[in-house]
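Here's a quick walk through the model on your screen. Have the viewer ready and follow along as we go from one spot in the chain to the whole fold.

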Amino acid sequence: MSVWDEVVGQPRAVGTFQRAVLGARRGAEDPQAFTNSWLVTGPAGSGRSTIAYAFAAALLCPDNGCGVCPSCQQVAARSHADLTAVATEKVSIDIGTARELVSRAANSPVNSDYRVIVVEDADRMIERTSNTLLKAIEEPVDSTVWVLCAPSEADLLPTIRSRVRVVALSTPPIDDVAELLERRHGIARETAIRAAREAQSHVGMASRLVTSPEAWQRRDSSLDGVLSLASTGDAVRKAQQWADLAKSDGEAHFAERAEREKQETYRSLGLDPGQAVPRKLQGIFRDLERDQKQRAKRATIDGVDRILTDIQSLLRDLLMLKLQVGVPLVNESRRGELEAVANRAPASHTIASIEAIALVRERLAANVPPQLALEELLIGYAIGSS
Ligand SMILES: [Zn+2]
């Protein structure tokens, strides 16, 4: 077992980080393989934070990332004294958090040779925050390691980009994701492949499909009937259904995650689940709850985003069929329905619909109410296909 087991389909990136861990040790043969500031880039679901924490665990582990020692377990639970994990899913990283990070970065490690700071969504740093971090990243203390994660290099200020070593992840192959699902959840190969395809190799989403029948059901319901929408009335009703599904999906997704974080916190503090929390540890749970409340606000928006991603995959399948490319479909289970529509709808309509989805995302980012943006999308689709 090792901390790299959970990283899917990224052999090159794993190699780079494994060499960096060896290079970081005293008297290393290849000290150049190590540096203090890193940026992990890759598409959503490619496992940016998974590999970032694997690297952190390997650096902090006396055995280069065995996956079983107390140090490795504490990194897995995000409770290691020498690990700072910067919260995900907040809308942006505020200046207070950035200042706190900079002051922690100057401290010496407690139990290990290094102090590792993982910033999961570095692209959500606003410019002011970036400048605060810049100095610390530019001239890091020898014992401090920064691991920033972002979709692409372009998401960071050029000044930060030029200070970090970039490790680029690619979308993991369907087979690798399926293999992880089989191993982790003990499910049939066929189910694993279908989940990996429908989640478009997004490891977290694929795991969720196979562990939550309701989530998979919601995905199916959101796609039902979309391709045959032909009237404004149908479009408005479907948009309403999407808004409702997005809300329940967002809430369920958030609840699953919140519970998991709570269990991990219990475990990392050496408490049994359900055991009364000693007074001096209660502050940790209060902080967690406060943080979770902030993130809950984003849940519906994330649910809408997942539906849009699924619809995009449906339209992409349609286009592949029209162009007769002969690649596997994301939504193989809907092949019959897709082929029927592909025979009658012009490619221009499909392409226009894909472009319309990008527009919906822009409108949502500009705070347009989800239902309104979704109605526009579906009315446009229905009118175009009638
Ligand atoms: Zn270990």
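Setting aside neighbours within four places in sequence, Leu377 is in contact with Ala356, Ile357 and Val360. Keep in mind that this is a predicted model. Leu377 sits in helix α16, and it counts as buried because it has 22 C-beta neighbours inside 10 Å. For a sense of distance, try Arg189: its C-alpha atom is 36 Å from that of Leu377, with the two positions 188 residues apart along the chain.

Glu375 is on this helix too, which covers residues 370-385. Is Glu375 buried or exposed? It's buried, because 20 other C-beta atoms lie within 10 Å, and the cut-off for that label is 20 or more. Beyond four places in sequence, the contacts of Glu375 are Ala235, Val236 and Ala239. Thr232 is 143 residues from Glu375 in sequence, yet the C-alpha to C-alpha distance is 8.9 Å.

Now for the cores. The largest nonpolar core has 67 residues, and Ala56 and Val147 have the most contacts inside it. Helix α2 (residues 48-60) gives the most to this core, with 10 residues. Which residues does Ala56 touch beyond its neighbours within four places in sequence? They are Val75, Leu83, Val116, Val118 and Val147. Apart from this core lies another, of 26 residues, including Trp242, Leu315, Val360 and Ala382. Val360 is also one of the contacts of Leu377. As a rule, nonpolar side chains in soluble globular proteins tend to be buried together.

On to the sheet. It's an open one of 5 strands, in the order β2-β3-β4-β1-β5, and the pairing is parallel. At the edges are β2 (83-86) and β5 (165-168), each of which pairs on one side only. On average, neighbouring strands of this sheet are turned by 15° against each other, direction ignored. Helix α4 (residues 95-105) lies across β2, β3 (115-119) and β4, and runs at about 165° to β2.

Strand β1 deserves a closer look. What is its burial like? Of the 5 residues of β1, 4 are buried, so the strand is largely enclosed by the rest of the structure. Strand β1 (residues 37-41) pairs with β4 (residues 144-150) in the parallel sense over 5 bridges, and with β5, also in the parallel sense, over 4 bridges. Here are some of the opposite positions:

| Residue in β1 | Stands opposite | Partner strand |
|---|---|---|
| Trp38 | Arg165 | β5 |
| Val40 | Cys149 | β4 |
| Thr41 | Ala150 | β4 |

In general, strands of a sheet pair through backbone hydrogen bonds, either parallel or antiparallel.

Helix α8 (residues 189-198) makes a nice stop too. It's largely enclosed by the rest of the structure, because 7 of its 10 residues are buried. Which residues of α8 are buried? Ala192, Ile193, Arg194, Ala195, Ala196, Arg197 and Glu198 are, so look for charged residues as well as alanines when you check the burial of this helix. What covers the buried residues of α8 includes α7 (174-185), α9 (203-211) and α10 (213-223). Just after α8, Gln200 takes a positive phi of about 50°.

Finally, zoom out. The protein comes to 16 helices and 5 strands, and it's divided into domain 1 (3-168) and domain 2 (224-386). The C-alpha centres of domain 1 and domain 2 lie 29 Å apart. The C-alpha atoms fill a box of roughly 70 × 45 × 45 Å along the principal axes. How does the radius of gyration fit in? A compact globule of 386 residues would have a value near 21 Å, and the protein has 23 Å, which agrees. Buried residues make up 37% of the 386 residues. As for contacts between residues at least 6 apart in sequence, 70% join residues at least 24 apart.

Conventions. Residues are numbered from 1 along each chain as its sequence is written. This is a predicted model: local features need pLDDT of at least 70, side-chain atom pairs count only at pLDDT 80 or more; totals for chains, interfaces and linings use all residues. Helices (H or I, at least four residues) and strands (E, at least two) are DSSP runs, numbered from the N terminus. A residue is buried if 20 or more other C-beta atoms lie within 10 Å of its own, exposed if 12 or fewer, and partly exposed in between; C-beta atoms are placed from the backbone. Two residues are in contact if their C-beta atoms, placed from the backbone, lie within 7 Å. Domain bounds come from an automatic or database domain assignment. A nonpolar core is a set of buried Ala, Val, Leu, Ile, Met, Phe, Trp, Tyr and Cys residues joined through C-beta atoms within 7 Å. Two strands pair if DSSP finds at least two bridges between them. Axes are lines fitted to C-alpha atoms, for helices over the stretch in contact, and angles run from 0 to 180 degrees between N-to-C directions. The radius of gyration is taken over C-alpha atoms; the globule rule is 2.2 Å times the number of residues to the power 0.38.
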